[in-house]
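Thank you all for coming; I would like to walk you through one structure this morning, beginning with the whole chain and then turning to a single local feature. Please have a look at the sequence and the model before I go on.

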Amino acid sequence: MPDVKKIGLKGFSAVAVFPNVEDTEVKYSAAGEALKFIGASEGNFTDNREEFTIPGDDGVYDSGSEWTYTDVEVTVHEIDLAVLAQLAGCSKDEVKTTIEEGVFDIPTTVALVYRALRRDGGYRCYRYYNAKLLKYSVEHKTKGSSSDGQPYKLTFRCTPRAIDGKIRGTEDVKDAAASATWLASIPTVTPA
């Protein structure tokens, strides 16, 4: 039996968002310079589905589940206030490096990308086409005798794009250079 390479996942890196998303029934695009998260250390992804049962002929005609959204929690070791303001949809003062957050802020729709290192040295790359920041948290503690960091936990809700209902794209690539190319842009989609 030939040696089969193991492709199990063992990494998480290159987390970024594209801030300029156009999502209509006739066009999807994500553009602008990617906003990169520094020190991404963890990602938790939960696909949420709604179950359904259709009765028929005195029994069950059909049943299953429909994918409605995915919740993504990303842990990063640092985030620039300007990036946080853009994600949260709040006001910022570039001169004072200040953000002001309030109840009427509307989070920006972004496209979220990242990669996971495979055991064979390749990468599995991911794109979430429509993501909105639901919340973020950071736990502040006194330094004391510990030098532990204080990471941010960012929670996004990823929903289908209007043109074709796609939520996520995934591709295996052979190395870091190929993953960088795949994550550098999001393909524009228009009707065929």
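Of the 192 residues in this protein, 31% count as buried, and I should say at once that what you see is a predicted model, so please take every value I quote as computed from it.

As for its surface, the protein exposes about 12000 Å², with carbon and sulfur atoms supplying 49% of that area. The C-alpha trace, taken along its principal axes, spans about 65 × 55 × 35 Å.

Turning to the fold, the secondary structure consists of two helices and twelve strands, and if you follow the elements from the N terminus, the order reads β-β-β-β-β-β-α-β-β-β-β-β-β-α. How much of the contact set comes from residues 24 or more positions apart? Among contacts with a separation of 6 or more, such pairs account for 62%.

On the charges, there are 23 positive and 29 negative ones in the protein, and the mean positions of these two sets lie 8 Å apart.

Let me now move to the local feature, which concerns strand 2, covering residues 20–23, and strand 3, covering residues 28–31. These two strands pair in the antiparallel sense over four bridges, and together they form a hairpin in which four residues lie between them. Which residue of strand 3 is the bridge partner of Glu22? That partner is Ser29, and with this pair I will stop and take your comments.

Terms used: Residues numbered from 1 in each chain as written. Predicted model: local features only at pLDDT ≥ 70, side-chain atom pairs only at ≥ 80, totals over all residues. Heavy atoms only, no water. Buried < 20%, exposed > 50% of the residue type's maximum accessible area, 1.4 Å probe, protein only. Contact = heavy atoms within 4.5 Å. Areas by Shrake-Rupley, 256 points an atom, 1.4 Å probe, with all protein chains shown as cover. Lys, Arg positive; Asp, Glu negative; His and termini not counted. Charge placed at Lys NZ, Arg CZ, Asp CG, Glu CD. Pairing = 2+ DSSP bridges.
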